[in-house]
Amino acid sequence: MDAVFAPVQSTTAFEETLERLGTAIKLELLPPGTRLPPERDLCEQLGIARSTLRQALTALVQSGHLHAVRGRGGGTFVADAPAQIAARSELVDWRERCDVRLAVEVGVAYLAAERAEPAAIDLLGDLVGEMAASDDDFAAYRRADVRFHVGLAEATGSPALVAATTESQGAMTDLISYIAHPPEVLAWSNAQHARLVDCLIKRDPALAMKVMADHLRGTEHVLAGLLP
């Protein structure tokens, strides 16, 4: 149990907290009905801000892993174990799919920050706006999300990178169809999209690589926490 609530030290604290708690729930290190410690205590144990913890708890409530009870005797409790689904190839090799995406899209971010034309940057900014308006409609959010990542590849001027990014996005779509998509998670992810656009505006390829790496690692943490 101590490992579940050990300090989180990362630029992806929100996603890592979500993964830590989601995995503990799936493994029944936190069995159904378990009441989580008070927020103040959890923040101290995990070494994170209360706002970060609340975002992670909200996402886990919305995904069905936790439920909140108000009033005397209330708190945040682990929900009944969700129904499991049969193993599928998409789940067996999900980390490899994430590795391929990381290898492709970190390089794409670097080259896009060096080469993107103003019109391409404006289009990416518009897609960030579309995603911000669609955090309660995952299908619409995901369409804009795919267009954003492929748009970054198009901004490099490399057809090969456009093809590789399109393929990796298709593989990720298969994976994320198995998890819930709480608005908290989508809003957090889209804030990183906005940072990537800012890197392109400022012509900062090194920072673009870092932001993209954090973005993709964050997705991995969410998948690890929420995949069945």
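Okay, let's start with a term: a cavity here is a set of grid points where a 1.4 Å probe fits but cannot get out. Keep that in mind, because this is a predicted model, and the cavity is where I'd like to begin once we've had a word on confidence.

The protein chain averages a pLDDT of 88, and 91% of the residues score at least 70. Where does the mean pLDDT of the elements sit lowest, and where highest? Helix α4, residues 89-92, is at the bottom with 67, while helix α6, residues 118-132, is at the top with 98. Where pLDDT is low, the predicted coordinates should not be read in detail. For α4, with that mean of 67, I'll leave it there.

Right, the cavity. How many are there of 30 Å³ or more? The structure holds 1. The space in the largest cavity comes to about 300 Å³. Its lining is made of 22 residues, and the ones that lie nearest the centre are I176, V185, L186, S189 and T219. As for which elements give two or more residues to that lining, we have α1 (13-26), α7 (138-156), α8 (159-176), α9 (183-201) and α10 (205-226). And the chemistry of the lining? It divides into 12 nonpolar, 6 polar and 4 charged residues.

Now a closer look at two of those helices, α9 and then α8. α9 has 19 residues, and from first C-alpha to last it reaches 27 Å, close to the 27 Å expected at 1.5 Å a residue. Its buried residues are V185, L186, S189, N190, Q192, H193, L196, V197, C199 and L200. Why do they end up on the same side of α9? They cover an arc of only 155 degrees around the axis, so that is where they land. The background is familiar: an α-helix has 3.6 residues a turn, so residues three or four places apart point the same way. You'll have noticed that V185, L186 and S189 turn up both as buried residues of α9 and among the residues nearest the cavity centre.

Not every α9 residue is tucked away, though. A191 is in α9 too, and with a relative accessible area of 43% it counts as partly exposed. Its C-alpha sits 9.9 Å from that of M131, with the two positions 60 residues apart in sequence.

On to α8. Its 18 residues should span 26 Å at 1.5 Å a residue, and its end C-alpha atoms are 26 Å apart, so the two agree. Buried in α8 are V162, T165, S168, Q169, A171, M172, L175 and I176.

One more helix check, then: α5, residues 94-115. Its 22 residues should span 32 Å, and the end C-alpha atoms are 31 Å apart, which agrees. Among the buried residues of α5 are W94, R97, R101 and E105.

A few single residues before I stop. R203 is in the loop between α9 and α10, and it has a positive phi of about 55 degrees although it is not a glycine. R203 is partly exposed, at 39% relative accessible area.

A120, in helix α6, is partly exposed at 22%. The C-alpha atoms of A120 and L200 are separated by 9.7 Å, with the two residues 80 apart along the chain.

Last one: L227 comes in the segment after α10 and is buried, with a relative accessible area of 5%. L227 and T23 are 204 residues apart in sequence, yet 9.0 Å apart in space, C-alpha to C-alpha.

Terms used: Residues numbered from 1 in each chain as written. Predicted model: local features only at pLDDT ≥ 70, side-chain atom pairs only at ≥ 80, totals over all residues. Heavy atoms only, no water. pLDDT = per-residue confidence, 0-100. Helix = DSSP H or I, 4+ residues; strand = E, 2+ residues; numbered from the N terminus. 1 Å grid on protein atoms, 1.4 Å probe; cavity = no way out; pocket = protein on both sides within 12 Å on 5 of 7 lines; lining within 4 Å. Points joined across faces, edges and corners; volume = space filled by probe spheres on them. Nonpolar A, V, L, I, M, F, W, Y, C, P; charged D, E, K, R; others polar. Expected span 1.5 Å × (residues − 1). Buried < 20%, exposed > 50% of the residue type's maximum accessible area, 1.4 Å probe, protein only. Arc of directions from axis to C-beta.
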